[in-house]
Amino acid sequence: MYITIYSDGASRRNPGPAGAGAVLLDEQGNILNKVCKYLGETTNNQAEYQAAILGLKTALEMGATRVQLRADSELMVKQLLGQYQVKKPELKPLYDQVKSLLNQFESYAPPQHVRRADNALADAEANRAIDEYQA
């Protein structure tokens, strides 16, 4: 099964209360699943990686064999593609976890950077995680 994962992290203040969100779509673009998780106090970049991890773990649980990760974090995507180095020590274990999860699939398309407007559903999930925790 092929799944496209849109992921997004949100942090109010940076660092601040943060959430991770992911939306998983089938090959026709139908929503298969939406997930979110409150992360506590963290940076936006850490939240972006946590969102990717959440989406990838969910795809594995759903039985996906092939995936593509899409995110509006240019930094994270370029790091995953090897175009940027991971310089922040707090991001390295998250980066390693994303790479490890990607390698658990039979295959994966290269992660893709998308415009913020094209990632609105994942953004809504990340913010929902924060809102529900703070309610």
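**Note on the fold and packing**

1. Gly63 follows helix H1 and has a positive phi, near 90 degrees. Helices (H or I, at least four residues) and strands (E, at least two) are DSSP runs, numbered from the N terminus. This is a predicted model, in which local features need pLDDT of at least 70 and side-chain atom pairs count only at pLDDT 80 or more, while totals for chains, interfaces and linings use all residues. Residues are numbered from 1 along each chain as its sequence is written, and side-chain values use heavy atoms, with hydrogens and water left out.

2. Annotation. An unreviewed UniProt entry gives "domain: RNase H type-1" for residues 1-131. UniProt positions are in the numbering used here, feature names are shortened, and annotations may be inferred rather than shown by experiment. Over residues 1-131, helix accounts for 37% of the chain and strand for 34%. The end C-alpha atoms of that stretch are 32 Å apart.

3. Sheet order. Five strands make an open, mixed sheet, ordered E3-E2-E1-E4-E5. Strands count as paired if DSSP finds at least two bridges between them. E3 (31-42) and E5 (107-113) are the edge strands; each has a single partner, so one side of each lacks a neighbour in the sheet. The twist averages 15 degrees from one strand to the next. Axes are lines fitted to C-alpha atoms, for helices over the stretch in contact, and angles run from 0 to 180 degrees between N-to-C directions.

4. Pairing. Strands of a sheet pair through backbone hydrogen bonds, either parallel or antiparallel. E1 and E2 run antiparallel, joined by eight bridges; Tyr6 has Val23 in E2 as its bridge partner. E1 and E4 run parallel, with six bridges, and here Ile5 is partnered by Leu69 in E4. E4 (residues 66-71) is also parallel to E5, through five bridges. Arg70 stands opposite Gln112 in E5.

5. Helices on the sheet. H1 (residues 44-61) packs on the sheet and touches E1 (2-11), E2 (16-25), E3 and E4. Contact means heavy atoms within 4.5 Å. The direction of H1 makes about 150 degrees with that of E1. H4 (residues 120-134) also packs on the sheet, touching E1, E2 and E3. Its direction makes about 135 degrees with that of E2.

6. Helix geometry and burial. The expected span of a helix is 1.5 Å times one less than its number of residues. H1 has 18 residues and reaches 26 Å between its first and last C-alpha, close to the 26 Å expected. For the 15 residues of H4, the expected and actual spans agree at 21 Å. Buried residues of H1 (buried: under 20% relative accessible area; exposed: over 50%; partly exposed: in between; 1.4 Å probe, protein chains only) include Tyr49, Ile53, Leu54 and Leu56. They pack against E1, E2, E3, E4, H2 and H3. In H4, Ala122, Glu125, Ala126, Asn127, Ala129 and Ile130 are buried; E1, E2 and E3 are among what covers them.

7. Strand E1. Ten of its ten residues are buried. In a regular strand the side chains alternate between the two faces of the sheet. Both faces of E1 are covered: Tyr2, Thr4, Tyr6, Asp8 and Ala10 are buried on one side, and Ile3, Ile5, Ser7, Gly9 and Ser11 on the other.

8. The E1-E2 hairpin. Four residues lie between the strands, and Arg13 takes a positive phi near 70 degrees. Ser11, in E1, counts as buried at 16% relative accessibility. A polar atom of the Ser11 side chain lies 2.8 Å from the backbone oxygen of Arg13, and one lies 3.3 Å from the backbone nitrogen of Gly16. A polar contact is a pair of N or O atoms within 3.5 Å; within protein, one must be able to donate a hydrogen and the other to accept it, and residues adjacent in sequence count only if both atoms are side-chain atoms. Beyond four places in sequence, Ser11 touches Gly16, Pro17, Ala18, Thr42, Thr43 and Asn44.

9. Two contrasting sites. Ala20 lies in E2 and counts as buried, at 1% relative accessibility. Outside four places in sequence, its contacts include Asp8, Cys36, Ala47, Leu54 and Ala126. Ala20 and Cys36 are 16 residues apart in sequence and 5.5 Å apart C-alpha to C-alpha. Lys87 sits in the loop between H2 (74-80) and H3 (92-102). Lys87 counts as exposed, at 70% relative accessibility. The C-alpha atoms of Lys87 and Ala122 are separated by 26 Å, and these residues are 35 apart along the chain.
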